[in-house]
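Let's explore a protein together, one question at a time. Take a moment to turn the model around before you read on.

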Amino acid sequence: MLKKFMLFLFFLALTVMTAQAEVLIIANKSTAQPALDRQEIKDIFLCNKLYWNETSKITVATLIEGDTAKSFYSTYLGMNAIQFNGLWNEKLYTGGKPHPKRFKTQKQLVEFVSQTPGSIGFIDSATSHDSVAVIEVKP
């Protein structure tokens, strides 16, 4: 009986450790873009798309580190954090494009996006995000 209970606890712990919150793409509520496909998200975060429309500039916000950042970079950009930062450094030195705004916490990122028209970022779904718009990811 004790063996079965210990086995149950092991699998329960394993399930909890592997469960991750979903990554959400968020934007300032003034952004009139309710949905983006994965290529559009990649273009925005890799600085290939700079404007929502002819006049509304996109401001990218990212997390400095953590599981949510790793998951975002891998899932949406097909790279890791080192590759992402290297690409932005290259854009900074060759094209004068500044780095995205970078934040230590998801709360700071949400606050920035909520106060900055045209901004976009990512958080995990467990983070409070009532003050921003959630962008639907089209298949």
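**A close look at Ser119 and beyond**

The backbone oxygen of Thr116 sits 2.6 Å from a polar atom in the side chain of Ser119. Keep in mind that this is a predicted model.

Q: In which strand does Ser119 lie?
A: Besides the polar atom that lies 2.6 Å from the backbone oxygen of Thr116, we can look at the element around Ser119. The element that holds Ser119 is strand 5.

Q: Is Ser119 buried or exposed?
A: A residue counts as buried when its relative accessible area is under 20%. The value for Ser119 is 0%. Because that value falls under the cut-off, Ser119 is buried.

Q: How many Å apart in space are Ser119 and Ile26, C-alpha to C-alpha?
A: Leaving aside neighbours within four places in sequence, Ser119 is in contact with several residues, including Ile26, Ala27 and Phe112. Along the sequence, Ser119 and Ile26 are 93 residues apart. In space, their C-alpha atoms are apart by 8.4 Å.

Q: Among contacts between residues at least 6 apart in sequence, what percentage join residues at least 24 apart?
A: Ser119 and Ile26 gave us one example, with their positions 93 residues apart in sequence. For the protein, the share of such contacts that join residues at least 24 apart is 71%.

Q: What pattern does the protein follow along the sequence?
A: The secondary structure comes to five helices and six strands. Read along the sequence, with α for a helix and β for a strand, the pattern is α-β-β-α-β-α-α-β-α-β-β.

Q: Which residues have the most contacts inside the largest nonpolar core?
A: Of the 139 residues of the protein, 36% count as buried. In soluble globular proteins, nonpolar side chains tend to be buried together. Here the largest nonpolar core has 34 residues, and elements giving two or more residues to this core include strand 1 (23–27), helix 5 (106–115) and strand 5 (119–124). The residues with the most contacts inside the core are Phe45, Phe72, Leu77, Ile120 and Phe122.

Q: Is Phe72 buried or exposed?
A: Phe72 is found in helix 3. Not counting residues up to four places away in sequence, Phe72 touches Val23, Ile25, Ile41, Phe45, Leu77 and Phe122. Its relative accessibility is 0%, and because buried means under 20%, Phe72 counts as buried.

Q: Is the aromatic pair of Phe72 and Tyr73 stacked, tilted or edge-to-face?
A: The count of aromatic pairs comes to nine. In the pair of Phe72 and Tyr73, the ring centres are 5.9 Å apart, with 65° between the planes. Planes over 60 degrees apart fall in one class, so this pair is edge-to-face.

Q: Is the aromatic pair of Phe103 and Phe112 stacked, tilted or edge-to-face?
A: Phe103 is buried, with a relative accessible area of 14%, and Phe112 is buried, at 18%. Their ring centres lie 5.2 Å apart, with 40° between the planes. An angle under 30 degrees would be stacked and one over 60 edge-to-face, so this pair is tilted.

Q: Which residues of helix 4 are buried?
A: Helix 4 (residues 81–95) has 15 residues. An α-helix has 3.6 residues a turn, so residues three or four places apart point the same way. The buried residues cover an arc of only 55° around the axis, which puts them on the same side of helix 4, while Ile82, Glu90, Tyr93 and Thr94 are exposed on the other side. The buried ones, which pack against helix 2 (38–45), strand 3 (59–63) and helix 3 (67–77), are Phe84, Trp88 and Lys91.

Q: Which residue has a side chain joined to that of Gln106 by a polar contact of 3.5 Å?
A: The place of Gln106 is in helix 5, and Gln106 is buried, with a relative accessible area of 18%. Leaving aside neighbours within four places in sequence, Gln106 is in contact with Leu63, Thr68, Ile123, Asp124 and Thr127. Among these, the partner in the polar contact of 3.5 Å is Thr68.

Conventions: Residues are numbered from 1 along each chain as its sequence is written. This is a predicted model: local features need pLDDT of at least 70, side-chain atom pairs count only at pLDDT 80 or more; totals for chains, interfaces and linings use all residues. Side-chain values use heavy atoms; hydrogens and water are left out. Helices (H or I, at least four residues) and strands (E, at least two) are DSSP runs, numbered from the N terminus. The expected span of a helix is 1.5 Å times one less than its number of residues. Buried means under 20% relative accessible area, exposed over 50%, partly exposed in between (1.4 Å probe, protein chains only). The arc is that of the directions from the helix axis to the C-beta atoms. Contact means heavy atoms within 4.5 Å. Rings of Phe, Tyr and Trp (its six-membered ring) pair if their centres lie within 6.5 Å; planes under 30 degrees apart count as stacked, over 60 as edge-to-face and the rest as tilted. A nonpolar core is a set of buried Ala, Val, Leu, Ile, Met, Phe, Trp, Tyr and Cys residues joined through side-chain atoms within 4.5 Å. A polar contact is a pair of N or O atoms within 3.5 Å; within protein, one must be able to donate a hydrogen and the other to accept it, and residues adjacent in sequence count only if both atoms are side-chain atoms.
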